[in-house]
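Work through the exercises below with the structure in view. Try each task before reading its solution.

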Amino acid sequence: MKIALGCDHGGLNLKNEILNYLKEEGMEVKDFGTYTEESCDYADISLPVAEAVAAKEFDFGILICGTGIGIGIAANKVPGVRAALCSDTFSAHATREHNDANILTMGERVVGKGLAIDIVKTFLSAEFQGGRHTTRIAKITDIEKKYSK
């Protein structure tokens, strides 16, 4: 499994923990930064991760900022991206199963290391259920097409 990983300064510590976990699990990971605690703009990190996931260069993306909100809003501007903010494991498997989310976002100031690892495990192991959910995803794609002119 190939994972695109990124964070702003507010998510650096949690990103590094997740990076170590993914590598221990034998996953191929590209770290898109940031690499220091120096203030940076989350959109500058979320854009290349989102573009790479949308282009199917990676199976999934994981983005982290202080809350997981801003970095996810920015990622969701890229057509083909369905970034989901998850602070619990139920949301993590539900968004994969029902929304076919391809980017997980989390907030370092919201979830601790242990819970974050459980969320990542759950998100990456859940599978899209298809069926009636496929129609719903197609409607999301139609909205993207309508406004991506």
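The exercises cover helix packing, aromatic pairs and single residues in this predicted model.

**Exercise 1. Find how helices H4 and H5 are oriented to each other, and which residues make their contact.**

Solution.
- Step 1: locate the helices. H4 spans residues 89–99 and H5 spans residues 113–125.
- Step 2: take the geometry. The axes are 8 Å apart and the angle is about 20°.
- Step 3: classify. Angles under 35 degrees count as roughly parallel. H4 and H5 are therefore roughly parallel to each other.
- Step 4: add the handedness. H4 crosses H5 in a right-handed way.
- Step 5: list the contact. H4 contributes Thr89, Ala92, His93, Thr95 and Arg96. H5 contributes Asp118, Ile119, Thr122 and Phe123.
- Step 6: sort by class. This contact has 4 polar, 3 nonpolar and 2 charged residues.

**Exercise 2. Treat H1 and H5 in the same manner: what is their orientation, and which residues meet?**

Solution.
- Step 1: locate H1. This helix covers residues 12–24.
- Step 2: take the geometry. H1 and H5 pack at about 50°, with axes 10 Å apart.
- Step 3: classify. H1 and H5 are therefore oblique to each other.
- Step 4: add the handedness. The H1 and H5 crossing is right-handed.
- Step 5: list the contact. From H1 come Leu14, Glu17, Ile18, Tyr21 and Leu22. From H5 come Lys113, Ala116, Ile117, Val120, Lys121 and Leu124.
- Step 6: sort by class. The H1 contact with H5 holds 8 nonpolar and 3 charged residues, and no polar ones.

**Exercise 3. How many aromatic pairs are there? Describe their geometry and place.**

Solution.
- Step 1: count. There are 2 aromatic pairs.
- Step 2: describe Phe32 and Phe58. Their ring centres are 5.8 Å apart, with 70° between the planes. Planes over 60 degrees apart count as edge-to-face, and this pair is edge-to-face.
- Step 3: place that pair. Phe32 sits in the loop between strand E2 (28–31) and helix H2 (42–54). Phe58 sits in the loop between H2 and strand E3 (60–65). The pair therefore ties together parts 26 residues apart in sequence. Phe32 and Phe58 are both buried.
- Step 4: describe Phe60 and Phe123. Their ring centres are 5.6 Å apart and their planes lie at 75°, so this pair is edge-to-face.
- Step 5: place the Phe60 and Phe123 pair. Phe60 is in strand E3 and Phe123 is in helix H5, so the pair ties together parts 63 residues apart in sequence. Both Phe60 and Phe123 are buried.

**Exercise 4. Thr34 and Ser39: is each buried or exposed?**

Solution.
- Step 1: place them. Thr34 is in the loop between E2 and H2. Ser39 is in the loop between E2 and H2.
- Step 2: apply the cut-offs. Buried means under 20% relative accessible area, and exposed means over 50%.
- Step 3: judge Thr34. Its relative accessible area is 12%, so Thr34 is buried.
- Step 4: judge Ser39. Its relative accessibility is 59%, so Ser39 is exposed.
- Step 5: check the neighbours of Thr34. Beyond four places in sequence, Thr34 touches residues including Cys7, His9, Leu12 and Ile45.

**Exercise 5. Where does Gly66 lie, and what does Gly66 touch?**

Solution.
- Step 1: place Gly66. The residue is in the loop between E3 and helix H3 (69–75).
- Step 2: judge burial. Relative accessibility is 5%, so Gly66 counts as buried.
- Step 3: list contacts. Beyond four places in sequence, Gly66 touches Asp8, Gly10, Gly11, Gly107, Glu108, Arg109 and Val110.
- Step 4: compare sequence with space. Gly66 and Thr105 are 39 residues apart in sequence and 10 Å apart in space, C-alpha to C-alpha.

Conventions:
Residues numbered from 1 in each chain as written. Predicted model: local features only at pLDDT ≥ 70, side-chain atom pairs only at ≥ 80, totals over all residues. Heavy atoms only, no water. Axes fitted to C-alpha atoms, helices over the stretch in contact; angles between N-to-C directions. Helix = DSSP H or I, 4+ residues; strand = E, 2+ residues; numbered from the N terminus. Parallel < 35°, antiparallel > 145°, perpendicular 65-115°, else oblique. Left-handed = near helix turned anticlockwise from the far one by under 90°. Contact = heavy atoms within 4.5 Å. Nonpolar A, V, L, I, M, F, W, Y, C, P; charged D, E, K, R; others polar. Phe/Tyr/Trp six-rings, centres within 6.5 Å; stacked < 30°, edge-to-face > 60°. Buried < 20%, exposed > 50% of the residue type's maximum accessible area, 1.4 Å probe, protein only.
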